[in-house]
Structures are given as structure tokens and as C-alpha cells.
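Good morning, and thank you for coming. Please take a moment to look at the sequence and the structure before I begin.

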Amino acid sequence: MRIRPLTAADQSRVCQFIQARWGAEIVVAHGAVYHPDQLPGFVCEADGRWLGLITTHIEGDTCEIVTLDSLTEGQGVGTALVEAVKQAAKTRPCGRLWLITTNDNLNALRFYQKRGFVLTAVHRHAVTISRQIKPAIPLTGQDGILIRDEIELELRLDN
Ligand SMILES: CC(C)(COP(=O)(O)OP(=O)(O)OC[C@H]1O[C@@H](n2cnc3c(N)ncnc32)[C@H](O)[C@@H]1OP(=O)(O)O)[C@@H](O)C(=O)NCCC(=O)NCCS
């Protein structure tokens, strides 16, 4: 398995991947609409098969993880993709790596906190607002929990 940066040639495949994982080609978070197929990121692949994908949005000296998906969980794919983004962000240099997850995503909360990210904010009802832009966002998520709030996590890169 290897991690490599996305290129323009990956665009349609990213589009299909995001559609399959996120129910649409767009991602909506904190009031922003993202087109992951137009974002920088990394893919984890083995023999041409995609095992995971991470996309990012860089603004100023902050780098946001817009999407992270592993198709083969528990084998180090997610960790390797976050590490690739972390190193790229440090090189740029960015002082802050951050992301939004949703209140139901206990697995992501565990995953990111175990990798040094800390909770910085809870945006109540933010997903309810995002759903007006992207109706494909399901009402319930993991463990049947209502998806309603956005939780912001960050990793400082400047210390
Ligand atoms: C969150 C997510 C990206 C994690 O990806 P992943 O590929 O399972 O991540 P990893 O394999 O690197 O780590 C998961 C666990 O597997 C364990 N693991 C990693 N490699 C392993 C190996 N070779 N053997 C055994 N266990 C291993 C890790 O220790 C880790 O456990 P920990 O988090 O308790 O430390 C994945 O669950 C996912 O795609 N979720 C759905 C989308 C999502 O929620 N995205 C994030 C919000 S935007």
C-alpha cells in the first residue's frame, strides 16, 4: 500500500468516491460548500485499488481536513493519510490542522483524539443548517444518533 498526492487525473475517480461515501459530490460543513474533486489531498492505494482518500482545504496558515475515508478500516490507512496531510501542512508551513466531524461520529472522535487532536468547539444545529443546502445528509448516523451538531477539532503544528 502506498500514499500519494492526488493529481488532476484523479478528479473523476475522486468524484465517484465522494459520491459513494458522502451521498453527493459535494460536502457541506460550517456553512461552506466543498467540491472534494477540486481539492488537494492524498490517496492510499494498493495495486491501483483505492483503500482510502483524504482531501483538504488550505487557507492562510490553516489546513482543514475536508474528507477522510478509509475503505479498509483497522489497517492503518486512516492514520497514514492523516500523517501525510500533517507532514504536507507542516512543510507549507501551516500552524493549524483542523476538521469538522458530527456529533454522532464517535469513531472519528476517538480516532482523531488518539492522534493528538483536541476539541475546540461545538456548533449546535450546524448540520441541520447544512442539510438545507445538502438534503442528502442523513437524519441519523452511527448508533442511530440524530446528526445535528458539528464538532471542531484541531491539531497545533507550530509547537
Ligand atoms: C475514521 C477512519 C478514517 C479511520 O480509518 P482507519 O483506516 O480505520 O484508521 P486506522 O486503521 O489507521 O486506525 C484505526 C484503528 O486501527 C488500528 N490499527 C491500525 N493499523 C492496524 C494494524 N495493522 N493491525 C491492527 N490494528 C491496526 C489502530 O490502532 C486504530 O485504533 P485506535 O484509533 O484506537 O488507535 C475510518 O473509520 C472511516 O473512514 N470512517 C468513516 C468516515 C469518517 O468518519 N471519517 C472521519 C470524519 S470526516
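I begin with K134, which sits in the loop between α4 (126–133) and β9. Please bear in mind throughout that this is a predicted model. Is K134 buried, partly exposed or exposed? K134 is partly exposed, because 16 other C-beta atoms lie within 10 Å, and a residue must have 20 or more to count as buried. Once residues up to four places away in sequence are left out, K134 touches A24, I26 and V28. That part of the chain is remote in sequence: K134 and G23 are 111 residues apart along the chain, yet their C-alpha atoms are separated by 9.4 Å.

A second case of this kind involves M1, in the segment before β1. M1 is 47 residues from G48 in sequence, with 9.4 Å between the C-alpha atoms. Its contacts, leaving aside neighbours within four places in sequence, are C44, A46 and L51. M1 is partly exposed, given 14 other C-beta atoms within 10 Å.

Let me turn to the sheet. In what order do its strands lie? The sheet is open and has seven strands, arranged β1-β4-β5-β6-β7-β9-β8, and the pairing is mixed. β1 (2–5) and β8 (118–123) form the edges; each has a single partner strand, so one side of each lacks a neighbour in the sheet. On average, neighbouring strands are turned by 25° against each other, direction ignored.

I shall now follow the pairs through the sheet. β4 and β5 are antiparallel and share six bridges; within this pairing, V43 has L53 of β5 as its bridge partner. The hairpin they form has two residues between the strands, and D47 takes a positive phi there, near 50°. D47 is a residue other than glycine, and it is exposed, with 6 other C-beta atoms within 10 Å.

The next pair, β5 and β6, also runs antiparallel, joined by eight bridges. Here E59 stands opposite T62 in β6. This hairpin, too, has two residues between its strands, and G60 shows a positive phi near 60°.

Further along, β7 (residues 96–102) and β9 (residues 150–156) run antiparallel and are joined by seven bridges. L99 is paired with L153 in β9. β9 also pairs with β8, again antiparallel, through five bridges, and H123 stands opposite E150 in β9. How many of the six residues of β8 are buried? The number is zero, so β8 lies largely in the open.

The interior presents another picture. The largest nonpolar core has 31 residues, and those with the most contacts inside it are F42, I54, I65, L81, V85 and L97. At least two residues each come from α1 (11–22), β2 (27–29), β4 (41–46), β5 (49–59), β6, α2, β7 and β9. Which element gives the most to this core? It is α2, with five residues. As for V85, leaving out residues up to four places away in sequence, V85 touches F42, I54, T56, C63, I65 and L97.

I come next to the ligand. There are 18 residues around it, of which S70, E73, G76, G78 and T79 come nearest. By character, the shell divides into four nonpolar, ten polar and four charged residues. β6 (62–70), α2 (77–91) and α3 (106–113) each supply at least two residues of this shell. Two of these elements deserve a second mention: β6 and α2 also each supply at least two residues of the nonpolar core.

Finally, some remarks on backbone geometry. Most residues other than glycine have a negative phi, and most peptide bonds are trans. Against that background, I draw your attention to H30, whose phi is positive, near 40°. H30 is placed in the loop between β2 and β3 (32–34). With 13 other C-beta atoms within 10 Å, H30 is partly exposed.

Which residues does the cis peptide bond join? It joins R92 and P93, with omega about 0°. P93 belongs to the loop between α2 and β7.

Thank you for your attention.

Technical notes:
Residues numbered from 1 in each chain as written. Predicted model: local features only at pLDDT ≥ 70, side-chain atom pairs only at ≥ 80, totals over all residues. Pairing = 2+ DSSP bridges. Helix = DSSP H or I, 4+ residues; strand = E, 2+ residues; numbered from the N terminus. Axes fitted to C-alpha atoms, helices over the stretch in contact; angles between N-to-C directions. Near = placed C-beta within 6 Å. Nonpolar A, V, L, I, M, F, W, Y, C, P; charged D, E, K, R; others polar. Core = buried A, V, L, I, M, F, W, Y, C linked by C-beta atoms within 7 Å. Buried ≥ 20, exposed ≤ 12 C-beta atoms within 10 Å, placed from the backbone. Contact = placed C-beta atoms within 7 Å.
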